[in-house]
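Colleague: Please choose one part of this model and take me through it slowly, then show me how it is connected to its surroundings. I am still learning the terms, and it would help me to have each cut-off spelled out when it comes up.

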Amino acid sequence: NHSLDNLTNTLETLEKRENVLAKRIDQEIAQAKEANAKKNKTKALTHLKRKKAYEQQLNNLQSQKMNISTMQMKLEEGAMAETVLNAQRKGAQEIKHIFNKMTPEHVDD
């Protein structure tokens with residue numbers, strides 16, 4: 001299904017971005033520690049603020065991933081329901097066909 005493929009690709013893209021943000025958060029923490037060790041409080045605070053911004057982006061990505069995963073499950077569920085419904089229709093048609101062929105002469109008492 002094209003929609004499922006699209007959602008899967010989107011999830012993969014979000015996961016890659018999530019990894020990039022996680023690395024940037026780690027870098028900002030390391031740079032903040034380094035600046036703090038050098039008694040440069042302003043630079044340390046700048047790195048911590050940037051880290052917080054990255055964390056907010058990361059939280060947003062995680063929410064988006066959850067939404068996409070939910071959509072995937074709903075699409076899969078819908079596809080399965082459609083398959084079951086089609087099978088039931090086909091079965092009903094077959095039963096109707098069988099009963100339409102039956103005449104009183106073919107029914108044993």
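Modeller: Let us start from histidine 47, which, once its neighbours within four places in sequence are set aside, is in contact with Glu28, Gln31 and Ala32 (contact means heavy atoms within 4.5 Å). The model is a predicted one, in which local features need pLDDT of at least 70 and side-chain atom pairs count only at pLDDT 80 or more, while totals for chains, interfaces and linings use all residues. Residues are numbered from 1 along each chain as its sequence is written, and side-chain values use heavy atoms, with hydrogens and water left out.

Histidine 47 belongs to helix α2, where a helix is a DSSP run of H or I with at least four residues, numbered from the N terminus. Its relative accessibility is 8%, and histidine 47 therefore counts as buried (buried is under 20% relative accessible area, exposed is over 50%, and partly exposed is in between, with a 1.4 Å probe and protein chains only). One of its contacts, Glu28, also meets it through a polar contact of 2.6 Å between the two side chains. A polar contact is a pair of N or O atoms within 3.5 Å; within protein, one must be able to donate a hydrogen and the other to accept it, and residues adjacent in sequence count only if both atoms are side-chain atoms.

Glutamate 28 deserves a look of its own, because at 6% relative accessibility it counts as buried. Its side chain meets that of arginine 50 in a salt bridge of 3.5 Å, N to O, and this pair links distant parts of the chain, with arginine 50 in helix α2, glutamate 28 in helix α1 and their places 22 residues apart in sequence. A salt bridge here is a side-chain nitrogen of Lys or Arg within 4 Å of a carboxyl oxygen of Asp or Glu. Arginine 50, for its part, has a relative accessible area of 37% and is therefore partly exposed. Glutamate 28 thus appears in a polar contact with histidine 47 and in a salt bridge with arginine 50.

Let us now widen the view to the two helices. The buried residues of α1 include Leu4, Leu7, Leu11, Glu28 and Ala32, and the buried residues of this helix pack against α2. On the other side, those of α2 include Ala44, His47, Tyr54, Leu58 and Lys65, and they pack against α1. The helix α1 has 36 residues and reaches 53 Å from its first C-alpha to its last, close to the expected 52 Å, whereas α2 has 61 residues and reaches 90 Å, close to the expected 90 Å; the expected span is 1.5 Å times one less than the number of residues. Just after α1, lysine 39 takes a positive phi of about 65°.

Further along the two helices, lysine 65 forms a salt bridge with glutamate 15, the closest N and O atoms being 4.0 Å apart. Lysine 65 lies in α2 and glutamate 15 in α1, so this pair ties together parts that are 50 residues apart in sequence. Lysine 65 counts as buried because its relative accessibility is 18%, while glutamate 15, with a relative accessible area of 37%, is partly exposed. Another salt bridge joins the side chains of glutamate 34 and lysine 38 at 3.5 Å, N to O; here glutamate 34 counts as partly exposed at 47% relative accessibility and lysine 38 as exposed at 61%. Salt bridges that share partners also join Glu15, Glu18 and Lys65 into one network, and by the rule given above the count comes to 5 salt bridges.

Two further places show how α1 and α2 are related in space. Threonine 8, found in α1 (residues 2–37), is partly exposed, with a relative accessible area of 31%, and its side chain is joined to that of glutamine 72 by a polar contact of 2.9 Å. The C-alpha atoms of threonine 8 and serine 69 are separated by 8.6 Å, although these residues are 61 residues apart along the chain. Lysine 43, which lies in α2, is partly exposed, with a relative accessible area of 46%, and from C-alpha to C-alpha it is 9.9 Å from lysine 33, a residue 10 places away in sequence.
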